[in-house]
Structures are given as C-alpha cells and as structure tokens.
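Visitor: I should like a close look at a single part of this model, its salt bridges. Please set that part in the context of the whole.

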Amino acid sequence: MSDDGHQRNGHEHVPSRQRRRFKGISSRAYEHPADRSALVALRKLSGFDTVFKALSGLLPERSLRLLFLSDSVRVSDQQFTHLNDMLRDACYVLDLEKVPPMYVNQDPQPNAMCIGLDEPIIVVTTGLVELLDEEEMRAVIGHEVGHALSGHSVYRTILLFLTSLALKVAWIPLGNVAIMAIVTALREWFRKSELSADRAGLLVGQDLRASMRGLMKIAGGNHLHEMNVDAFLQQAEEYEAGGDLRDSVLKILNVLPRSHPFTTVRAAELKKWAESRDYQRIMDGHYSRRSEDKDTSVTDSFRESAASYAGHVRSSKDPLMKLVTDIAGGAGDLGGRVRRGFGGFTSPPPPKDRPSSDQPHSDEPPTDTAPRDED
C-alpha cells in the first residue's frame, strides 16, 4: 500500500488546511452547561450503561442499522470519498479513536443525525450533501462527531423510540401523558445538546463563517447571494426581543415539539460562544480532558447549569424573561405590568362621539374622575 493510500485509510489523514487538533479533549469542554449537567449526572448513575444496553433489545436500533445498510450508501474509501475524508478528519481533530460508520440516505430534506445505543451511526441526507459546500459540510460532520463523542446518540435513539411509543398509546390518556412528559423533558435537553454539537462543529471546521453559511442555507436554501449573515443574526435578536407576553408564550409553544432550536437562535448562540473566552481557551490548548471525566462533580455541573439559565434570564430581552427578572427583583405594580404585557385583558372601549352643538348634553362632570392606566 502506498503512503497516500495509508493516509487515506488510516486515522493519520490530515486535512489540507492546517487545523488545531484537540488531543484527549473531553466533550465537557464544548458542551452547553444544561447539556453537560444532565450528561454528568447520567454517567455517574451506577448501572446506567447496563440498563440502556438491556433496553437495546426493545429499541429498533438493530432494525435501523439493517435499514441503512440495505437502503442507503455507506461512506467509505470507495463511496463518497470526500465525505469519508471529512469524517476521518473530524475524528482526528476531536481525537475520537473509533470512526463511526456514516451513511448517505436519499432524502431531499436537508438533515443529519447521530443515533445508536451500542455504537453511534451518522446519517446525512442527499438534500444536505447537495446543499452545502465542503467547509459547510465539514462543520456539519463535526457537529455529528460531537454528538458521538458526547454520547448523545443513546438519548437521541431513546427519544425517537418514546416519540413513536407515544403515538401508539395515544388512546390511553394517562399512559400518553406520562410518556409525553418524558419526551418533553428529553426534547428540552436535546435542544441544548444541539447547541453543544454546533460548538463541536466549529472546533472541527475552525471557520465560523462556514458554520454560519451552513445554518443560513438550512433555513433559506442555496441562495447565499440573497442572504446576509448580519441580517440573519438580526432576525434572532428581533425574535428574542420582539412582541409582548403573548408572543413569549407562543414562542414556548412553538419550540416544545421541536428537537432542535430555531436556526437563527443557533446561529446567534454559536457566534456568542465563538467570541467567548471559553472558546479562545480551547483554541489555545486549555480544555477539559477525558482523563478527568471520572472526577467531575455532579453538584458543580448542576450549579453551572443553574447559573447559565439564570444568566440567560437576566440578559434576555424577551418580555416574559424581563417580567421574571422584575418579579425576582421585587418590582412593584406587577399586575399592571402583566396586564400591559398581554396588551390588556380586554380591548379598550371605543372612543365616544363628542356631542354636537345641536345635541343636548349635561354640564355635570363625570362621576368617575380617577386617572386610568394607559396600555
């Protein structure tokens, strides 16, 4: 075998553009605090791995593996070689020893996922492969490898199973409610795990512009000449700050059934992290190592998660989050603020017609002269 062939088949393949490699990096280095606290707690549970391996007989994982093997194209040195190079590159950068199998599935919808209990499987659709350029695709594959390194594929598989189960037992009121409560909690965690994986994709690609372009294309298609990163990020700010409390409630209802955060929100969160001290420290070689994972404190992780949520509430421009901050700060006239936040509980009365000169009217002052709050 030639040296070139050895590099293509082995883990030693290095990309043409020089990137930093994060040897021994722990997924805790890039995980969102809410995602990290949940994972640390689950990893500390005694017998956790045994329980989920026992569940593997109930879950359709084996069926999924056979389905992708029989009805998709497996990425290799012979098929989709450019994707195979990117996959090995991503595993090299994040120092993931075992390269997970990856399949290309015929589907015009741009999508990618990492599933599996025993071993992660990465699946990308043809719609995604055709939509993204090489650097954008590198970030997406890095995103999925980040899922694999964090162990997200286990919980993603369970989420898929429970969502399917909830549909099957929808006719059982209490059973459906119990399952959907678990599904809702898993979705909230998984939305945070997507933010973690976006960070992993940035660490692999090390090109923020490419990550932003990919997210814009997922939102608006292959029309980059019609899109602008600054305007796209402005949408995220407008989404967060706009409207009143009614819009805040609608945002919550809109996001509850989703496993992914909205695309503009993901772009804004990733840009914020890329400009943070945490990202710069990782790029400088200062990051958590896997060898330290066993010594991680669950209490500290939950404390960091709580601090992250509290910080988000304090800095948020969302009307509901502002109200929560005011309540915590002991602001007065909260009833009036809530009423105004919802635009008033009732519509304001229509203006009365002024009496004309030929119509009789009373010279007596109105009985109610108290000032009214303006909405």
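Guide: What percentage of the 375 residues in the protein is buried? Buried residues, defined by a relative accessible area under 20% (exposed means over 50%, partly exposed in between; 1.4 Å probe, protein chains only), make up 42% of them. This is a predicted model, in which local features need pLDDT of at least 70 and side-chain atom pairs count only at pLDDT 80 or more, whereas totals for chains, interfaces and linings use all residues. Residues are numbered from 1 along each chain as its sequence is written, and side-chain values use heavy atoms, with hydrogens and water left out.

The protein contains 17 helices and four strands, assigned as DSSP runs (helices H or I, at least four residues; strands E, at least two) and numbered from the N terminus. Among contacts (heavy atoms within 4.5 Å) with a separation of 6 or more, 74% are between residues 24 or more positions apart.

The salt bridges, each a side-chain nitrogen of Lys or Arg within 4 Å of a carboxyl oxygen of Asp or Glu, number 15 in the structure. One of them joins D89 to R19, with 3.8 Å between the closest N and O atoms. Because D89 belongs to helix α5 (residues 81-93) and R19 to the loop between α1 (3-9) and α2 (33-44), this pair ties together parts 70 residues apart in sequence. Both partners, D89 and R19, are buried.

A further salt bridge brings together the side chains of E119 and K98, at 2.7 Å from N to O. This pair also links distant parts of the chain, 21 residues apart: E119 is in the loop between β3 (112-115) and β4, and K98 is in the loop between α5 and β2. E119 is partly exposed, with 33% relative accessibility, while K98 is exposed, at 56%.

Within helix α7 (residues 134-150), R138 and E134 form a salt bridge whose closest N and O atoms are 3.2 Å apart. These two residues are four positions apart in α7, so about one helical turn separates them. R138 has 6% relative accessibility and counts as buried; E134, at 48%, is partly exposed. Salt bridges with shared partners unite R19, D89, E134, E135 and R138 in one network.

The loops that hold K98 and E119 lead to the strands β2 and β4. Strand β2 (residues 102-105) pairs (at least two DSSP bridges between the strands) with strand β4 (residues 121-125) in the parallel sense, over four bridges. Y103 of β2 stands opposite V123 in β4. Strand β1 (residues 73-74) runs antiparallel to β2, and two bridges join them. In that pairing R74 stands opposite Y103.

Helix α7 also contributes to a cavity, a set of points on a 1 Å grid over the protein atoms alone where a 1.4 Å probe fits but cannot get out. The search of the whole structure finds two cavities of 30 Å³ or more, and the largest has a volume of about 50 Å³. Ten residues line this largest cavity, and those closest to its centre are A112, M113, H147, F190 and E194. At least two lining residues come from each of β3, α7 and α9 (173-205). Helix α7 thus holds the R138–E134 salt bridge and supplies part of the cavity lining.

Methods. 1 Å grid on protein atoms, 1.4 Å probe; cavity = no way out; pocket = protein on both sides within 12 Å on 5 of 7 lines; lining within 4 Å. Points joined across faces, edges and corners; volume = space filled by probe spheres on them.
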